[in-house]
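The following paragraphs lead the reader through selected features of the structure shown below. Please keep the sequence and the coordinates at hand while reading.

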Amino acid sequence: QAAEALALERRLRDEMQRLERVERMEARKKEAKSLEGRTKNLIKGLGGALTVKEDKVDIKKKIAEKQKELGMPAAQTSGSAWAGRKHPKETIDRHAMLNAAVMNHHTRTSVQTGVVDVKITVGQPERDRFSAENEARKLAKKPPWSLIDKDLSGMNREKIFLWFMRGEGREVFTDLTLNLAPEEEQRSNEKQMESRAQSMRRAGTTIAGHAKLGFEVRGQCVRKQGKGSPALDDIQLSQSAELNRKLGERGYDKLNPALATYGCGNPNNAHIHIWIHVRRYQNETKANDLAKAVLSEFPWWSNKVASLVDRFALSTESVVEMHDKIFHALDYGEDGSYENSIEVCEWLDRLKEKRSQYTVWLLEACNCPSPCDEISFDSFLEVVATFCMFGKDELVRSLFGFGLKKHQVMDQQLFCDMCDAILEFEEARAAFPGSKQKRTFQMFAKNGDIFWEQFSKLIASTPLLLWPIQRLQAKLMKNCLGEPFWRSQKQAMIHARERLGIRRDLS
């Protein structure tokens, strides 16, 4: 009872604070409509127009100065970049900026393609048998093995060959290492070695060895452990110093020591090495450096803004425009001073949206310290950039996260609570009453619960639940730079993933 009383007191206090904020907002609106208020706004608007014009000149001048410092060619910006109608062509290394955003910030939410398995065969008969099995895999339209058609033993010609398989998902390797194999007695015990390989595979490590070899190859897939890292996408074998040099120049990494160290091939041949190619985290591009160099001179700059510029490949001009044209218009204290904060209820009122439970959850998910009160520009930018970059699948995934409320699966009560919350202010709420909610849940539930796969199918059959979120996104995009800008930004990110061989993973 004491806990319920405290919760009730907290809700009442939050509601009183909300009503006070709404009252202040309404008072400002009333004053703005009065003769005195209209006069003040006219004077303020004239002064603001001059300030914006000066700021535009300053921004272009700053960009030109910083480009010169960084040794970059002149930016090719379009006048429509400020109007938010087109994607600003800020620098010539735009692709590098997008690649860095995907590789450095999106690897945990991506399905990567690359090497998923390795195998070693020893002797011609074993190679022939495995080749026949591989042909059968191809006929069955299963992922085939790729042979590195070079003998690991070099001139000894012991017919030792390395095979690898490409695929996608959580099994993709992120690293490959050479390791000393267990003792020969242990290697000869097939059951013991198979058990060892299975236990290590469950832990995210795949082993390729052979009873006749004193070394083994281990592939690490850290994404299987819930971590993110770029994928290993190719394996090569070098048998000469010249090829070693060429592979190094192409960005491959050499696995040390040489295979001869493990008794494979001629012990005097130190040039036989396995090489791997990993999609690396991208260094910050000059476009990132330019954006940070210019934006860091503004009073609203923070480390969080810097992180968002990197994560979403935002241009300098787009960030400045979001602040000056949208955020700054709502950011003023009682005496008209700049505070670098806006009231959430006033922002939503500008969008003509109610402060729903989903809106509060979205602000909390974007790490806003006070989602029911005020937010600073960096939090505003994170909400806008994150939500506007969502495609339809991401919107559905966000609705699923909202409905789970930190649970692992969604039961019927959680689903009904989610429906009531998302339709709280909707006229169409009467079309989806509690009885219909329960019937819909039972159609898709599996053993009384709904997982992500069932939830995505449920939403596809009940688009009514997604409409409020899609409307909020459309209004937010239109209010901040315009829908064409965000569509272009999303398309550019999609093309970057395609160039890198990566797709999103929402599971």
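Which residue follows helix 10, and what is the sign of its phi? The residue is Ala313, and its phi is positive, near 50 degrees. The model under discussion is a predicted one. Helix 10 itself spans residues 303–312. Its buried residues include Val305, Ala306, Leu308 and Val309. Asp310 and Phe312 in helix 10 are likewise buried.

The account now turns to the sheets. Strands of a sheet pair through backbone hydrogen bonds, either parallel or antiparallel. One open sheet consists of three strands in the order 4-6-5, and its pairing is antiparallel. Strand 4 (175–180) and strand 5 (205–208) occupy the edges; each has a single partner strand, so one side of each lacks a neighbour in the sheet. On average, and with direction ignored, neighbouring strands of this sheet are turned by 25 degrees against each other.

Strand 5 and strand 6 (residues 215–220) run antiparallel and are joined by four bridges. Together, strand 5 and strand 6 form a hairpin, with six residues between them. Two of the residue pairings can be followed directly in the model: Thr205 has Gln220 of strand 6 as its bridge partner, and Ala208 has Val217 of strand 6. In a regular strand the side chains alternate between the two faces of the sheet. In strand 5, Thr205 and Ile207 point one way, whereas Thr206 and Ala208 point the other way. All four of these residues are buried.

What packs on this sheet, and which strands does it touch? Helix 7 does so, touching strand 5 and strand 6. The direction of helix 7 makes about 150 degrees with that of strand 5.

Helix 7 also takes part in a link to another part of the chain. Arg201 forms a salt bridge with Asp117, and the closest N and O atoms are 3.5 Å apart. Arg201 lies in helix 7 (residues 190–202) and Asp117 in strand 1 (residues 110–122), so that the pair connects distant parts of the chain, 84 residues apart. Are the two partners buried or exposed? Arg201 is partly exposed, because its relative accessible area is 32%. Asp117 is buried, because its relative accessible area is 16%. A further salt bridge is formed by the side chains of Arg218 and Glu216, at 2.9 Å from N to O. Both Arg218 and Glu216 are buried.

A second open sheet also has three strands, here in the order 7-9-8, with antiparallel pairing. Its edges are strand 7 (232–238) and strand 8 (253–254); each has a single partner strand, so one side of each is left without a neighbour in the sheet. Six bridges pair strand 7 with strand 9 (residues 273–278) in the antiparallel sense. Among the paired residues, Leu237 has Ile274 in strand 9 as its bridge partner. Helix 8 lies across strand 7 and strand 9 and runs at about 165 degrees to strand 7.

Within helix 8 (residues 241–249), Glu242 and Arg245 are three residues apart, which means that about one helical turn separates them. Their side chains meet in a salt bridge, at 2.4 Å from N to O. Glu242 counts as partly exposed because its relative accessibility is 39%, and Arg245 counts as partly exposed because its relative accessibility is 41%. Elsewhere, Glu353, Glu426, Arg471 and Lys475 are joined into one network by salt bridges that share partners. Across the whole structure, a search finds 15 salt bridges.

The last feature to consider is a pair of helices. Two packed helices are described by the angle between their axes and the distance between the axes. The axes of helix 19 (residues 467–479) and helix 20 (residues 483–500) come within 7 Å and cross at roughly 105 degrees. Helix 19 is therefore roughly perpendicular to helix 20. From helix 19, the residues Gln473, Ala474, Met477 and Lys478 take part in the contact. From helix 20, they are met by Glu483, Trp486, Arg487 and Lys490. By class, the residues of this contact divide into three nonpolar, one polar and four charged.

Notes:
Residues are numbered from 1 along each chain as its sequence is written. This is a predicted model: local features need pLDDT of at least 70, side-chain atom pairs count only at pLDDT 80 or more; totals for chains, interfaces and linings use all residues. Side-chain values use heavy atoms; hydrogens and water are left out. Axes are lines fitted to C-alpha atoms, for helices over the stretch in contact, and angles run from 0 to 180 degrees between N-to-C directions. Angles under 35 degrees count as roughly parallel, over 145 as roughly antiparallel, 65 to 115 as roughly perpendicular and the rest as oblique. Contact means heavy atoms within 4.5 Å. Ala, Val, Leu, Ile, Met, Phe, Trp, Tyr, Cys and Pro count as nonpolar, Asp, Glu, Lys and Arg as charged, and the others, Gly among them, as polar. A salt bridge is a side-chain nitrogen of Lys or Arg within 4 Å of a carboxyl oxygen of Asp or Glu. Buried means under 20% relative accessible area, exposed over 50%, partly exposed in between (1.4 Å probe, protein chains only). Two strands pair if DSSP finds at least two bridges between them.
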